Amino acid sequence: MNEPVNPSDTEQMDDAQRRRREPVFNLPPVVLAVIGICVVVYLLQQYVLSESQQMTLLYDGAFIPVLYTWQYGFDWFLFSRPFTYAFLHGGFAHLAINMVWLAAFGSPLANRLGTLWFALFFAATGLASVALFWAIHPYGEAPLVGASGAISGMMGAAARFGFRTDRSAGKAAFAGPVLPIAFVLRLRGVVIFLAMWMVINLATGLLGFAPGVDGQIAWEAHIGGFFAGFFGLRWFDRRWQAPEWETTDHRT
């Protein structure tokens, strides 16, 4: 004999089935697009382009500080290099590490900001990264490559949310209002993260012991991107919400 089924039980079964069907790597399309571009460019560098073509790509696509001191004349790539450098990487370990961090911090941020504002955030924090790098090394000739500056900006943005995420919509997104800086700096977990992040960046950049990564770590670019994401997030977050500490209900 069949027993009647409670409608609430059916809804719970449907929710459980949807959760089971949810893919393990549920990355936003814009994050997948950035990862795809970085991977394709790396594969082209390694397996398609000749050595001379690789050098041309590096010169035209990487950020080279000395070119912006106007000692070598003008070329149109001066406008694109501060953005295209983020899609080039110096080796497989460099690429893999950046893509893992991009998936971890970029996904909830993209779900929060949306495709357009996330893309603008990525471009702006990447630009801030090279701006600080150029300010410290205006005559540097070594090319700067990698998305780690923009990814550092995503870490700075995560700190402004107190690393809180909401999964109620079926996808992780940073939750709640953007926290004031003074409030963030009173959160022990955030302060510990910021301190450890700063120490690790300075250590790997100045002392140069990043396992599996060839070349010097551009800690200046990481800090430039982080500060841009930390202080400039409000310009990109279109979810204008009343901060929790400004509500009229003070019973909690």
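## A walk through the predicted helical chain

The secondary structure of the chain amounts to ten helices and two strands, where helices (H or I, at least four residues) and strands (E, at least two) are DSSP runs numbered from the N terminus. Read from the N terminus on, the elements follow the order α-α-α-α-α-α-α-β-β-α-α-α. The model is predicted, so that local features need pLDDT of at least 70 and side-chain atom pairs count only at pLDDT 80 or more, while totals for chains, interfaces and linings use all residues. Residues are numbered from 1 along each chain as its sequence is written, and side-chain values use heavy atoms, with hydrogens and water left out.

Of the 252 residues of the chain, 40% count as buried; here buried means under 20% relative accessible area, exposed means over 50%, and partly exposed covers what lies in between, with a 1.4 Å probe and protein chains only.

On the surface, the residues V39, V40, L43, L44, Y47 and V48 form a nonpolar patch, and together they have about 560 Å² of accessible area. Such patches are made of residues with over 30% relative accessible area and no salt bridge, like charges being joined within 9 Å and nonpolar side chains (Val, Leu, Ile, Met, Phe, Trp, Tyr) within 5 Å; the accessible areas come from the Shrake-Rupley method with a 1.4 Å probe, and for residues only the protein chains shown count as cover. One member of the patch, V48, has its place in the loop between α2 (29-47) and α3 (51-61), and V48 counts as exposed because its relative accessible area is 56%.

The charged pairs come next. Side chains of opposite charge can pair when their charged atoms come close, and a salt bridge is taken here as a side-chain nitrogen of Lys or Arg within 4 Å of a carboxyl oxygen of Asp or Glu. By this rule the count comes to three salt bridges. In one of them, D60 pairs with R81, the closest N and O atoms being 3.9 Å apart. This pair links distant parts of the chain, since D60 belongs to helix α3 and R81 to helix α4 (residues 77-84), 21 residues apart. R81 also meets D75 in a salt bridge, at 3.2 Å from N to O, and D60, D75 and R81 are thus linked in a network of salt bridges. Within this network R81 counts as buried because its relative accessibility is 0%, whereas D75, with a relative accessible area of 21%, is partly exposed.

Elsewhere, the side chains of R112 and D237 meet in a salt bridge with an N to O distance of 2.8 Å. R112 lies in helix α5 (residues 92-113) and D237 in the segment after α10, so this pair ties together parts that are 125 residues apart in sequence. Both R112 and D237 are buried.

The packing of helices can be followed through two crossings. The axes of helix α6 (residues 115-136) and helix α10 (residues 219-232) come within 7 Å and cross at roughly 135°, where axes are lines fitted to C-alpha atoms, for helices over the stretch in contact, and angles run from 0 to 180 degrees between N-to-C directions. Angles under 35 degrees count as roughly parallel, over 145 as roughly antiparallel, 65 to 115 as roughly perpendicular and the rest as oblique; α6 and α10 are therefore oblique to each other. Their crossing is right-handed, a crossing being right-handed if the near helix is turned clockwise from the far one by less than a right angle, and left-handed if anticlockwise. The axes of α5 and α7, for their part, come within 9 Å and cross at roughly 40°, and α5 and α7 are therefore oblique to each other, with α5 passing α7 in a left-handed crossing.

Several loop residues complete the picture. W70, in the loop between α3 and α4, has a phi near 65°, a positive value in a residue other than glycine, and W70 is exposed, with a relative accessible area of 57%. F163, in the loop between α7 (148-160) and β1 (165-166), likewise has a positive phi, near 60°, but F163 counts as partly exposed at 28% relative accessibility. G90, finally, is found in the loop between α4 and α5 and is exposed, with a relative accessible area of 54%; G90 and L144 are 54 residues apart in sequence and 9.2 Å apart in space, C-alpha to C-alpha.
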